[in-house]
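Reader: I am new to this structure and should be grateful for a close look at a single part of it. Would you kindly describe the surroundings of the ligand?

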Amino acid sequence: MQPVTDRTALEQAAGFELGGTPVSAKAFGSGHINDTFALTVAKPASDAAVRFVLQRVNPRVFPNPAGVMDNIVRVTRHLREKYAILPDAARRVMTVVPAKDARPYHLDAEGACWRCYRMIEGAHTIDAVQTLEQARTAAFAFARFARDLSDLPPPRLHETIPGFHDTPARFRTLEKLAEEDPFRRAASTGRELAELRAMKHLAPLITDAAASGAIPERITHNDTKINNVMLDDATGEGVCIVDLDTVMPGYALYDFGDLVRVAANPAREDAGIPGGLTARRDMYQASAEGFEEGFGGYLTEQELKLMPMAGAVITFELAVRFLSDYLDGDRYFKTSRPGHNLDRTRTQIALARALEAL
Ligand code: GN1
Ligand code: MG
């Protein structure tokens, strides 16, 4: 798929109720799925410009964008009501900007979904966790987000990606791709496949606990990467959770695991580690403290008990997903070089092992 240009994004901005004239759109952020732009809008009769985040939702990943946006509208409305008493309420939650037809998104000529948010100003994202305080802050913010959604009125949210954190199913998909080998790449991944098969025991640890009723279904974020929380420029505090496409029914342990996957990794996600690596126990600890504090007593005994292995489970899952995408022709995650998904796979394998041993 061709990357979306800044010019196309600027054209699509015309579909939204922006209260001014769109003057520029620039590629923004480092997500692996959607195309994201910072949009500047000039207000009539004033020098002030207002910024927005404009996104094209990846249609291959999210075939039901109306369901995605329905979830996002409900979730942000609920949080906005809850945060209304805070002095900086407007920065605490994303605000969906309506399209000109009053829907929360619009479709382009190819049927792809575009949506627009107000930019959260005075805050930034980071791609790697540098300090224990950042690990704690991020964990607190994602846990608080889930806790604050625990009383969202019914109906149940749409599952925007069915089976998103069904780790055993992810592993079966990998085996199927290895068998069918549509891009003739399996021969070069023998080692990674063998390593993942040897770690297969990790796959059902969370889903089995869920199936037996030992851990509760919650509304979770499901993609708790550090760059999905905006940090205040002045204080470093987590002000706003972003990337809400996968907010849906899930398990807190996957959210916690993904926090650990990012924080305890001493390398980049795609470093392509040839040997092993050592996971950072101090980062694990800081993440656990922040997460427990953010949930404020709402985590069950079983959830608390299973937290230590959650990082290994989701890191294994990511290794499986990256390798699956490699075998499937690199069509899911954005890649910036040949073998990028293989480098990601290798890093996640090394990290999953390190997290299991932590
Ligand atoms: C994707 O969109 P982004 O970059 O925040 C992916 C996550 C992975 C992550 C790995 C919808 O997240 O599941 O953990 O890449 N999102 C989706 O970096 O598949
Ligand atoms: Mg993201």
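Author: The following account concerns ligand 1 and the residues around it. This is a predicted model, in which local features need pLDDT of at least 70 and side-chain atom pairs count only at pLDDT 80 or more, while totals for chains, interfaces and linings use all residues. Residues are numbered from 1 along each chain as its sequence is written, chains are lettered from A and ligands numbered from 1 in the order in which they are written, and side-chain values use heavy atoms, with hydrogens and water left out.

Ligand 1 takes up the space of the largest pocket. A pocket is an open set of points on a 1 Å grid over the protein atoms alone, where a 1.4 Å probe fits, with protein on both sides within 12 Å along at least five of seven lines; a molecule sits in it if more than half of its atoms lie within 2 Å of its grid points.

The shell comprises 18 residues, each with a heavy atom within 4 Å of the ligand. Those that come nearest are His32, Lys225, Glu269, Arg321 and Tyr332. By class, eight residues of the shell are nonpolar, four polar and six charged; here Ala, Val, Leu, Ile, Met, Phe, Trp, Tyr, Cys and Pro count as nonpolar, Asp, Glu, Lys and Arg as charged, and the others as polar. Domain 1 (6–121) and domain 2 (132–356) each supply at least three residues to this shell, the bounds coming from an automatic or database domain assignment. Helix H10 (residues 301–327) gives the most, with three residues; helices are DSSP runs (H or I) of at least four residues, numbered from the N terminus.

Polar contacts (pairs of N or O atoms within 3.5 Å) also link ligand 1 to side chains. An oxygen atom of the ligand lies 2.8 Å from a side-chain N or O atom of Lys225, and the distance is 2.9 Å for Asp223. For Asp243, a polar side-chain atom is 2.9 Å from a ligand oxygen. The protein covers 97% of the 440 Å² of accessible area that ligand 1 has on its own, as computed by the Shrake-Rupley method with a 1.4 Å probe.

Methods
A polar contact is a pair of N or O atoms within 3.5 Å; within protein, one must be able to donate a hydrogen and the other to accept it, and residues adjacent in sequence count only if both atoms are side-chain atoms. On a 1 Å grid over the protein atoms alone, a cavity is a set of points where a 1.4 Å probe fits but cannot get out, and a pocket is an open set with protein on both sides within 12 Å along at least five of seven lines; lining residues have an atom within 4 Å of a point. Helices (H or I, at least four residues) and strands (E, at least two) are DSSP runs, numbered from the N terminus.
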